[in-house]
Amino acid sequence: MTRTPRTVRTPLVAALGAAALACAAAAPAQTYPSKVVEFVVHVTPGGGTDVFARLVTEIMSRDKLVSQPLVVLNRPGGAGVVAFTYVKGKRGDPHTVLTMATGSFLTAASRPDLELGLEQFTPLAFFARDPQGIIVNTESKYRTFKDLLDDAKARPGDIVCAVTSATGTGRQTLWKLEKETGSRFKFVTFKAGSEAILSVLGGHVPVTTENVSEAWAHIEAKKMRVLAVTTEQRMPALPDVPTLTELGYKVQIGTGRGFVMPAGVPKEAAAAMEALLEKVHKSARWQEYAVNNLYENRWMGSTEFTRYLIEQRAAQQEFVDSLGLGKKP
């Protein structure tokens, strides 16, 4: 995973800090949370982000970390824009938490036309990175990544890849592959990574670049095959599967899993939720889940996560510009 510098001084960091201090000064002290907390998810039930949100809220409730109900609210649509806009509109409300996949979130944040910049949100915590894979059905004629790549070069634009959205991490993985290899694919979008996986499992689409974790049950059952992964080193659970890096392609990417609140929330409430999330991350249940679901497990609190998002948004800009979305109309 990309390491972030210890100190970053940017106008955005300063603005985020000033906004937090201002709202904290104006907010009365009170017990948090004081009512139902909504954990908003930008995909349909069953997708990786949805499963992540439900696990975290389940651990909070089971371990009695909060006394108020926790509700997972699915607001799919617009490659995440529907959910992100909803959370932005809850400015100042610490009882609204966005469960984020960094790829879709940062793409939206990089589009000036959407007005969903990082200053509209309060970063809370980063939990892990969920690696992508180049995944096919075991009945596929593609036995290796080279088989797929050779066919893609022989038939440019003919092979279809299943992804969650036109701007999500699966699509970005495909875009990076095309840049690195000179190949060209088509893609088809689904409302969740689980649906993209099922389309490949059923033989309707030949390949997907979605999260390995979402296909893991089918991989273990020998119904799906991973041709390559996007991690820096080989995944312990897939020791025979090469990384794209070792195959000669500079593609290291994954779906970051984390949480943000709307902008303008009281500092005390944001700190309280960050502390709750850290307890979840340290729990045996989370650590077991991270191992079983092949996550690159790493905790970042609010300050480090803010710096990480700023750094990653800058890296995201080339992808956004390539889609023609980098300028405000």
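User: How many helices and strands does the protein chain have?
Analyst: In this predicted model, the secondary structure of the protein chain comes to 11 helices and 11 strands.

User: And what percentage of the residues is buried?
Analyst: Of the 329 residues in the protein chain, 53% are buried. As for contacts with a separation of 6 or more, 77% of them are accounted for by residues 24 or more positions apart.

User: What does a search of the whole structure find in the way of cavities?
Analyst: The search finds one cavity of 30 Å³ or more, and the volume of this largest cavity is about 160 Å³. Its lining has 19 residues, of which Thr49, Ala101, Thr164, Glu210 and Thr255 are the closest to its centre.

User: Which helices and strands supply at least two residues of that lining?
Analyst: Helix H2 (48-62), helix H6 (169-181) and strand S10 (254-262) each do so.

User: How many residues of the lining are polar, nonpolar or charged?
Analyst: By class, the lining of the largest cavity has 14 polar residues, three charged ones and two nonpolar ones.

User: Switching to H5, which residues are buried there?
Analyst: Helix H5 spans residues 145-154, and its buried residues include Phe145, Leu148, Leu149, Asp151 and Ala152. They cover an arc of only 165° around the axis, and therefore lie on the same side of H5.

User: What is on the other side of H5?
Analyst: Lys146 and Ala154 are found on that other side, where they are exposed.

User: And what covers the buried residues of H5?
Analyst: The cover includes strand S5 (133-137), H6, strand S8 (207-208) and strand S9 (224-229). H6 also appears in the cavity, since it is one of the elements that supply at least two residues of the lining.

User: New topic, aromatics: how many pairs are there?
Analyst: The count comes to 17 aromatic pairs, taking rings as paired if their centres lie within 6.5 Å. One of them joins Phe127 and Trp286, whose ring centres are 5.0 Å apart and whose planes are at 85°, so the pair is edge-to-face.

User: Where do Phe127 and Trp286 lie?
Analyst: Phe127 lies in strand S4 (residues 121-131) and Trp286 in helix H10 (residues 284-292), so the pair ties together parts that are 159 residues apart in sequence.

User: Are Phe127 and Trp286 buried or exposed?
Analyst: Both Phe127 and Trp286 are buried.

User: Which residues do ring pairs link into a cluster?
Analyst: Ring pairs link Phe127 and Trp286 into a cluster with Phe39, Phe52, Phe259, Tyr289, Tyr295 and Trp299.

User: What comes after H10, say at Asn293?
Analyst: Asn293 lies in the loop between H10 and strand S11 (296-300). With a relative accessible area of 17%, Asn293 is buried, because buried means under 20%.

User: Which residues does Asn293 touch?
Analyst: Not counting residues up to four places away in sequence, Asn293 touches Asp130 and Ser213.

User: Where's the cis peptide bond?
Analyst: A cis peptide bond joins Tyr32 and Pro33, with omega at about -5°. Pro33 is in the loop between helix H1 (11-26) and strand S1 (37-41). For context, most peptide bonds are trans, and most residues other than glycine have a negative phi.

User: Which residue other than glycine has a positive phi near 55°?
Analyst: That is Lys64, with its positive phi near 55°, and Lys222 likewise has a positive phi, near 65°.

User: Where do Lys64 and Lys222 lie, and are they buried or exposed?
Analyst: Lys64 is in the loop between H2 and strand S2 (70-74) and is exposed, with a relative accessible area of 71%. Lys222 is in the loop between helix H8 (212-220) and S9, and is also exposed, at 66% relative accessible area.

User: How about Pro112, where does it lie?
Analyst: Pro112 lies in the loop between helix H4 (102-109) and S4, and at 30% relative accessibility it counts as partly exposed. Pro112 and Leu325 are 213 residues apart in sequence, while their C-alpha atoms are 8.0 Å apart in space.

User: And Glu246, in which loop is it found?
Analyst: Glu246 is found in the loop between S9 and S10, where it counts as partly exposed at 42% relative accessibility. Glu246 and Arg234 are 12 residues apart along the chain, and their C-alpha atoms are separated by 9.1 Å.

Methods:
Residues numbered from 1 in each chain as written. Predicted model: local features only at pLDDT ≥ 70, side-chain atom pairs only at ≥ 80, totals over all residues. Heavy atoms only, no water. 1 Å grid on protein atoms, 1.4 Å probe; cavity = no way out; pocket = protein on both sides within 12 Å on 5 of 7 lines; lining within 4 Å. Points joined across faces, edges and corners; volume = space filled by probe spheres on them. Helix = DSSP H or I, 4+ residues; strand = E, 2+ residues; numbered from the N terminus. Nonpolar A, V, L, I, M, F, W, Y, C, P; charged D, E, K, R; others polar. Buried < 20%, exposed > 50% of the residue type's maximum accessible area, 1.4 Å probe, protein only. Arc of directions from axis to C-beta. Contact = heavy atoms within 4.5 Å. Phe/Tyr/Trp six-rings, centres within 6.5 Å; stacked < 30°, edge-to-face > 60°.
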